[in-house]
Amino acid sequence: MKHPHSPLRLGALAIAGLLLSVSAAYAHFGMVIPSAPTVMEARGANISVALKFWHPFENVGMNLETPRAFQVFHGGKAQDLLGALKKGTERGMSVFEAAYSIKAPGLYTFVMEPQPYFEESEDCYIIHYTKAYVDAFGDDEGWDEPLGLKTEIVPFVRPGALYAGNVFQGQVLNAGEPVPFAEVEVEWYPGPDKKGIAPFESMVTQTVKADSRGMFVYAAPRAGWWGFAALQEGEEKIPYQGKDKDVEIGAVLWLYFHPFADAGALGK
């Protein structure tokens, strides 16, 4: 029988602690996931939008409180959708969903501002300003325009026409100004009740660094929803148990990369 404080046991405990710290360090992502990234027919115009605070690749979540704000931007106007949210649970965690009916052509941008979330393992609050697009009836004008959010990622590649393998280019803004050398975390979301498989833990969350103009590029290796989170330290502090804590603000963008279909036969 091994002594409880033998080097072998202490080594095993150290490894277990390391694994726990790694699992606790999975990237956090605000999630805004429309049921369809593109609407081309009236019968598909009734969509749903899922809101979560999640580790997408691992499909492990945190509780999402009722957001501070949830809006859809269309035609230069913002519509408040906070009253449309319905609370539910997924994998034991609180999530939200809203039904929305698209009635006119154009680009619809769904945006969530959550309540601050205190992450004990990082000893700070997290606020992710999260957005996703839906193109309706062949019109996506304005896809390259910022919305004026506190922080956001602005596409430099048309977001509604991305194939798996395409390179996406975006710019990180904070208060409307580029964020030099911002770090952007990237994760794939496999969908409900699925978990991504990575050869190494380090490949669950990939990281891209922006240049001096806040520009970054990433090529998605497969189809599906991909999240991009540009993280910065906010200027404000929020008290927690009598002490002021730092706030991590994130510009989060969700994009759908379409599978490239095989060529079809020409009609005669």
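Leaving aside neighbours within four places in sequence, which residues is Met-215 in contact with? In this predicted model, the list runs to Phe-156, Gln-169, Gly-170, Gln-171, Lys-209 and Ala-210. Met-215 itself belongs to strand E17, which covers residues 215–219. Its relative accessible area is just 7%, so Met-215 counts as buried. Another residue to look at here is Val-172: 43 residues separate it from Met-215 in sequence, yet their C-alpha atoms are 6.6 Å apart in space.

Before going further, a word on confidence. Averaged over the protein, pLDDT comes to 89, and 89% of the residues score at least 70. The start of the chain is another story: over residues 1–24 pLDDT stays under 50. For that stretch the model has 6 contacts beyond four places in sequence.

Now for the cores. In soluble globular proteins, nonpolar side chains tend to be buried together. Here the largest nonpolar core holds 36 residues, and the members touching the most others are Leu-51, Phe-70, Ile-102, Phe-110 and Trp-254. Strands contribute to this core from many parts of the chain: E1 (29–34), E3 (46–55), E5 (69–74), E8 (93–101), E9 (106–113), E11, E18 (224–233) and E20 each give two or more residues. Apart from this core lies another one, made of 26 residues, including Phe-168, Val-184, Ala-251 and Leu-255.

Phe-110 gives a good feel for the surroundings of a core residue. With neighbours within four places in sequence set aside, its contacts include Val-32, Ile-47, Val-49, Phe-70 and Val-72. Further along the chain, Phe-110 also meets Thr-130, Lys-131, Ala-132 and Val-134. Gln-71, Leu-81 and Tyr-100 complete the set.

What about empty space? Rolling a probe the size of a water molecule over the atoms shows where such space is left. The count comes to 1 cavity of 30 Å³ or more, and the largest cavity holds about 80 Å³ of space. Its lining is formed by Pro-37, Thr-38, Tyr-133, Asp-135, Pro-159, Gly-160, Trp-225, Trp-254, Leu-255, Tyr-256 and His-258. Sorted by class, that makes 7 nonpolar, 3 polar and 1 charged residues. Strands E11 (124–136) and E20 (243–257) each supply at least two residues of this lining, and E20 gives the most, with 3. Two names come back from the cores: Trp-254, listed among the residues of the largest core that touch the most other members, and Leu-255, a member of the core of 26 residues.

The largest pocket contains about 300 Å³ of space. It is lined by 17 residues, of which Gly-75, Gly-76, Glu-141, Gly-142 and Glu-145 are the closest to its centre. E5, E9 and E11 are the elements giving two or more residues to this lining, with E9 giving the most, at 3 residues. By class, the pocket lining splits into 6 nonpolar, 6 polar and 5 charged residues.

Last comes a loop residue. Where does Asp-139 sit? It is found in the loop between E11 and strand E12 (151–155). Asp-139 has a relative accessible area of 28% and is therefore partly exposed. Beyond its neighbours within four places in sequence, Asp-139 is in contact with Pro-105, Gly-106 and Leu-107. Thr-38, a residue of the cavity lining, is 101 residues away from Asp-139 along the chain, with 10.0 Å between their C-alpha atoms.

Technical notes: Residues are numbered from 1 along each chain as its sequence is written. Side-chain values use heavy atoms; hydrogens and water are left out. On a 1 Å grid over the protein atoms alone, a cavity is a set of points where a 1.4 Å probe fits but cannot get out, and a pocket is an open set with protein on both sides within 12 Å along at least five of seven lines; lining residues have an atom within 4 Å of a point. Grid points are joined across faces, edges and corners, and a volume is the space filled by probe spheres set on the points. Helices (H or I, at least four residues) and strands (E, at least two) are DSSP runs, numbered from the N terminus. Ala, Val, Leu, Ile, Met, Phe, Trp, Tyr, Cys and Pro count as nonpolar, Asp, Glu, Lys and Arg as charged, and the others, Gly among them, as polar. A nonpolar core is a set of buried Ala, Val, Leu, Ile, Met, Phe, Trp, Tyr and Cys residues joined through side-chain atoms within 4.5 Å. Buried means under 20% relative accessible area, exposed over 50%, partly exposed in between (1.4 Å probe, protein chains only). Contact means heavy atoms within 4.5 Å. pLDDT is the predictor's confidence in each residue, from 0 to 100.
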